[in-house]
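Here are my notes on the model you sent over, set out as numbered points. Please read them with the structure open beside you.

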Amino acid sequence: MSDVDEIPSAHTIDLLRWCDGPPPILHLNLNNYLLSFEFNVDHSSWRASVHQYQKGKTRYAHYRQTDYLLAESGWHCSFCFQKITDFVFKMKA
């Protein structure tokens, strides 16, 4: 589960698909960018998470739920928009 600007890498998806017995909840450590992929801020974005789906129990949550963290697992690009109108829309929302 993640926001649309939190993107897991293909190798992360494959690793989780092939892994036997991952933790029930796992956060993804994402490389953090601001405005574009040219401006790397840090490597501390952890909000995206992977859950083993449980009917009636799995809910979207955008807060720290566990200490399990998979390093170098994708990208988080805040305010990365193609057009200024996209930025204005986000600010109004």
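Is Arg17 buried or exposed?

1. Arg17 is exposed, since its relative accessible area is 57%, and exposure here begins over 50%. Please keep in mind throughout that this is a predicted model. Arg17 has a charged partner: its side chain meets that of Asp14 in a salt bridge, at 3.2 Å from N to O. Asp14 counts as partly exposed, because its relative accessibility is 25% and that class lies between 20% and 50%. Both Asp14 and Arg17 belong to helix α1 (residues 10–18), where they sit 3 residues apart, or about one turn of the helix. The count for the structure comes to 1 salt bridge.

2. Now for the overall layout. The chain has 2 helices and 7 strands, and along the sequence they follow the pattern β-α-β-β-β-β-β-β-α. The C-alpha atoms fill a box of roughly 45 × 30 × 20 Å along the principal axes. Of the 93 residues in the chain, 25% are buried.

3. You may like to trace the open sheet next. Its 4 strands come in the order β1-β7-β3-β4, and the pairing is mixed. Which strands stand at the edges? They are β1 (6–8) and β4; each has a single partner strand, so one side of each lacks a neighbour in the sheet. On average, neighbouring strands of this sheet are turned by 25 degrees against each other, with direction ignored. At the β1 end, β1 runs antiparallel to β7 (residues 74–78), and 3 bridges join the two. Within that pairing, Pro8 has Gly74 of β7 as its bridge partner.

4. Strand β2 (residues 25–28) deserves its own point. With β5 (residues 49–51), β2 runs antiparallel and is joined by 3 bridges; here His27 stands opposite Ser49. With β6 (residues 69–70), β2 pairs in the parallel sense over 2 bridges, and Leu28 has Leu70 as its bridge partner there. Strands of a sheet pair through backbone hydrogen bonds, and either direction is possible.

5. On aromatic contacts, a search of the whole structure finds 1 pair. Tyr33 and Phe37 make up that pair, with an edge-to-face arrangement: the centres are 5.2 Å apart and the planes are at 65 degrees. The angle qualifies because edge-to-face applies over 60 degrees. How buried or exposed are the two partners, Tyr33 and Phe37? Tyr33 counts as buried, at 13% relative accessibility, whereas Phe37 is partly exposed, at 47%.

6. The surface around this part of the sequence also merits a look. Leu34, Leu35, Phe39 and Val41 make a nonpolar surface patch of about 370 Å². One of these residues, Leu35, lies in the loop between β3 (30–34) and β4 (40–45).

7. Finally, please compare Leu35 with Phe87. The two are 52 residues apart in sequence, and their C-alpha atoms are 9.9 Å apart in space. Phe87 is found in helix α2 (residues 84–92) and is partly exposed, with a relative accessible area of 30%. What keeps Phe87 from qualifying as a patch residue by its accessible area? Patches take residues with over 30% relative accessible area, so the 30% of Phe87 does not pass that cut-off.

Notes
Residues numbered from 1 in each chain as written. Predicted model: local features only at pLDDT ≥ 70, side-chain atom pairs only at ≥ 80, totals over all residues. Heavy atoms only, no water. Patch = residues over 30% accessible without salt bridge, like charges linked within 9 Å, V, L, I, M, F, W, Y side chains within 5 Å. Areas by Shrake-Rupley, 256 points an atom, 1.4 Å probe, with all protein chains shown as cover. Salt bridge = Lys/Arg side-chain N within 4 Å of Asp/Glu carboxyl O. Phe/Tyr/Trp six-rings, centres within 6.5 Å; stacked < 30°, edge-to-face > 60°. Buried < 20%, exposed > 50% of the residue type's maximum accessible area, 1.4 Å probe, protein only. Pairing = 2+ DSSP bridges. Axes fitted to C-alpha atoms, helices over the stretch in contact; angles between N-to-C directions.
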